[in-house]
Number of protein chains: 2
Amino acid sequence: MVRMQDVAERANVSIATVSFVVNGTKPVSASTRIRVETAMSELGFTRNAHARALASRRSRLIALLFPALDTRGNWSALQFVHGASAAAAERDHHLVLWPVENDPVALREYLDGGLVDGVLAMEVQLEDPRVPVLEKTGTPFVLIGRTSDTSGYAFADIDFESSTRTALAELHRLGHRRIALVLEQPGALGDSAYGPPVRVEGVYRQVMAERGEEAVVVLSDRDPASGADAARRLLDRHPDVTGLVVMNDEAAPGLLRGLRSAGRSVPEDVSVLGLSMASRMAAVCEPPLAHLAPPGYELGHAAALSLIDHLDDPSAPPIRSVLPCVLGDGESLAPPAAP
Amino acid sequence: MVRMQDVAERANVSIATVSFVVNGTKPVSASTRIRVETAMSELGFTRNAHARALASRRSRLIALLFPALDTRGNWSALQFVHGASAAAAERDHHLVLWPVENDPVALREYLDGGLVDGVLAMEVQLEDPRVPVLEKTGTPFVLIGRTSDTSGYAFADIDFESSTRTALAELHRLGHRRIALVLEQPGALGDSAYGPPVRVEGVYRQVMAERGEEAVVVLSDRDPASGADAARRLLDRHPDVTGLVVMNDEAAPGLLRGLRSAGRSVPEDVSVLGLSMASRMAAVCEPPLAHLAPPGYELGHAAALSLIDHLDDPSAPPIRSVLPCVLGDGESLAPPAAP
DNA sequence: CTGAAAGCGCTTACAG
DNA sequence: CTGAAAGCGCTTACAG
């Protein structure tokens, strides 16, 4: 490996000077800068990451807390990861993956090594046990998602408010009035509630109340069979429903199956709109589902940038990004059938 | 932060001694070991990762080369990542994600910082441009997948030989003789060929030849519409086919749609088996597809362990893991209809 | 604008 | 079994 020492010798300067030109931390005369730069490129110098980290007390590493939840998020977690690592790369940082569950003790152990400068947490719950640990250790962090108390935290999250309103407006525009909402069974994740369904349900109920319509919420586990069952239960109790918003990717294909086997065709009898649904999931549904796709890449990207901004300037206020879902085409929307 | 110095002072020993007990690198008397351990736990000492890396010339970091190919692998890439990061954690290592395309120059730049001890490469192509860079720089690496010339490399890959044979045997056992294979269009990835379809097609042709049956291979892009089209083309030219092996997750739902709209029901008229298909994908198909699921987690896990083994003992021979797909239930298999 | 030197927090021969 | 000391490759006051 080529060290600063080697560059310094070839350029006839001190290693301090090499450091100054590499980092641009102090003015260097044009002539010596050129000598140093020439020496660097001739030697193929790249400064050692760990030595830099040790001396500067800045590792330029950020961790992504990456729960091994196969049950959730599989469809967009990869987008987060891509977005976050791309953003890290853009800012001369690296992303390390920490397979930590919502386990405060494990998290502490990871943190103690001083490997990373800050942390990104995904799969954030309303009462997330990782947040107190992060605060206690003084670790800079950004959440992907939101806790119930968002005061002071930096986060990047889906704009569920606007996305839910968009979904309901879309159906309303087509003429639908009786609109039900399909959500995942809560508690699947564990201890604490997961924010998105809670927020979406709140907005949905509010909108329906504004419209003077009855709110109908159906719960389903995260699998097609439960989705089919949810369809049956829904039609039993509310056969007059003509519009459906579903936020449960895995259940959606089963939901459609259930509607079909109950004799309802989509979109002729019932219109269905996927909320926060991965486009790939929507595409494989029968029929392909109109949907609002979560901005996974953008979320990861925004979260990482926000964290790095904070690392560069700890005094800056925490940045919050709230990004709307993106409307995606499908064949599951139509005006309600004439009565 | 607590340093070794602090522990040493509290335990009345030198920092060398602290290092010996932390690392177990040299014998230490029971009494001083206990003093040191007490001091460590009282102080909550964890050794600094970067100082350790710098002094020991071993960062205990491994990189996962993580191409931003949204087009492929989305369904199991997450499993790789989980497996690899879990294995890293088991062996006191960390996984860092490098969003590098198959770009030799970019890879070199990443490598030069000396951040990581070794590299895991996924989405390996038959002629992978990253391999020469890795070799030239002397970076220990393990492939997830295989190049065409596997001599000397360590890799973890799916056992396509046995998985393909299993798929074909399963259909044969049910009585199917006319069996077609649906693969993805080659070249979707870019410059060089992608191994899995090549290997699978080879095994398929060989088995069909052994059986004295005609080999029928249909290509499809990685989306449902292309899958539907592939079904039409297949039935046009080979209406007598009763069995289908499909290795193209995204196309599969469309393929089934295409069969249906051509008046063939699954499994009554045609049996379909997904090869190297993610279980979640199989589950959302209509009907749910019998399939052979790729051992994504195990692959990532095996690859990371293999790399770390090599790092611990560079003289040990490269380890190759070849893991079969796992049979998953579905409702897409039946004996062929009586003629 | 440039350099000598201390220091970041560890590991590891080398002595004893 | 234990310690003093050099060294890993950088950054960063401090002088000049």
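In this predicted model, strand 8 (residues 243-247) of chain A pairs with strand 9 of chain A in the parallel sense, over four bridges. Within that pairing A:Val245 stands opposite A:Leu273 of strand 9 of chain A. Strand 8 of chain A, helix 11 (residues 252-261) of chain A and strand 9 of chain A form a β-α-β unit, and the unit is right-handed.

Strand 9 of chain A has a further parallel partner in strand 10 (residues 290-293) of chain A, with three bridges between the two. Here A:Gly274 stands opposite A:His291 in strand 10 of chain A. The chain gets from strand 9 of chain A to strand 10 of chain A by way of helix 12 (residues 279-284) of chain A, again in a right-handed β-α-β crossover.

Strand 9 (residues 271-275) of chain A is mostly covered, with five of its five residues buried. In a regular strand the side chains alternate between the two faces of the sheet. For strand 9 of chain A both faces are covered: A:Ser271, A:Leu273 and A:Leu275 are buried on one side, and A:Val272 and A:Gly274 are buried on the other.

**The six-stranded sheet of chain B**

Chain B contains an open sheet of six strands in the order 7-6-8-9-10-12, with mixed pairing. Strand 7 (216-220) and strand 12 (326-328) of chain B are the edge strands; each has a single partner strand, so one side of each has no neighbour in the sheet. From one strand to the next the twist averages 20 degrees.

Inside this sheet, strand 9 (residues 271-275) and strand 10 (residues 290-293) of chain B pair in the parallel sense over three bridges. B:Leu273 stands opposite B:Ala290 in strand 10 of chain B. Helix 8 (residues 160-174) of chain B lies across strand 6 (179-184), strand 8 (243-247), strand 9 and strand 10 of chain B. The direction of helix 8 of chain B is at about 165 degrees to strand 9 of chain B.

**The sheet shared by both chains**

A second open sheet has twelve strands, ordered 11(A)-5(A)-4(A)-3(A)-1(A)-2(A)-2(B)-1(B)-3(B)-4(B)-5(B)-11(B), and its pairing is mixed. At its edges stand strand 11 (320-323) of chain A and strand 11 (320-323) of chain B, each with a single partner strand, so one side of each is left without a neighbour in the sheet. The twist in this sheet averages 20 degrees from one strand to the next.

The two chains join in the sheet through strand 2 (residues 94-98) of chain A and strand 2 of chain B, which pair in the antiparallel sense over three bridges. A:Val96 stands opposite B:Val96 in that pairing. Elsewhere in the sheet, strand 4 (residues 141-144) and strand 5 (residues 154-158) of chain A pair in the parallel sense over three bridges. The bridge partner of A:Ile144 in strand 5 of chain A is A:Ala156.

Helix 13 (residues 296-312) of chain B packs on the sheet, where it touches strand 1 (61-65), strand 3 (118-121), strand 4 (141-144), strand 5 (155-158) and strand 11 of chain B. The direction of helix 13 of chain B makes about 165 degrees with that of strand 4 of chain B.

**The contact between the chains**

Chain A and chain B each give 37 residues to their contact. On the side of chain B, helix 4 (49-56), helix 5 (74-90), strand 2 (94-98), helix 11 (252-261) and helix 12 (279-283) each supply at least two residues. Helix 5 of chain B has the largest share, eight residues.

**The surfaces near the DNA**

DNA strand C is surrounded by 27 residues, of which A:Pro27, B:Met4, B:Ser19, B:Ala51 and B:Ala55 are the closest. Around DNA strand D there are 27 residues, and A:Met4, A:Ser19, A:Ala51, A:Ala55 and B:Pro27 come nearest. Helix 2 and helix 4 of chain A, with helix 2 and helix 4 of chain B, each supply at least two residues of the surface near DNA strand C. For DNA strand D, helix 2 (15-23) and helix 4 (49-56) of chain A and helix 2 (15-23) and helix 4 of chain B each give at least two residues.

The table lists these surfaces by residue class.

| Surface | Nonpolar | Polar | Charged |
|---|---|---|---|
| Side of chain B that touches chain A | 21 residues | ten residues | six residues |
| Surface near DNA strand C | 14 residues | nine residues | four residues |
| Surface near DNA strand D | 14 residues | nine residues | four residues |

How values were computed: Residues are numbered from 1 along each chain as its sequence is written. Chains are lettered from A and ligands numbered from 1 in the order in which they are written. This is a predicted model: local features need pLDDT of at least 70, side-chain atom pairs count only at pLDDT 80 or more; totals for chains, interfaces and linings use all residues. Two residues are in contact if their C-beta atoms, placed from the backbone, lie within 7 Å. Ala, Val, Leu, Ile, Met, Phe, Trp, Tyr, Cys and Pro count as nonpolar, Asp, Glu, Lys and Arg as charged, and the others, Gly among them, as polar. Two strands pair if DSSP finds at least two bridges between them. Axes are lines fitted to C-alpha atoms, for helices over the stretch in contact, and angles run from 0 to 180 degrees between N-to-C directions. A residue is near a molecule or strand if its C-beta atom, placed from the backbone, lies within 6 Å of it. A residue is buried if 20 or more other C-beta atoms lie within 10 Å of its own, exposed if 12 or fewer, and partly exposed in between; C-beta atoms are placed from the backbone. A crossover is right-handed if, with the strands pointing away from the viewer, the path from the first strand over the helix to the second runs clockwise.
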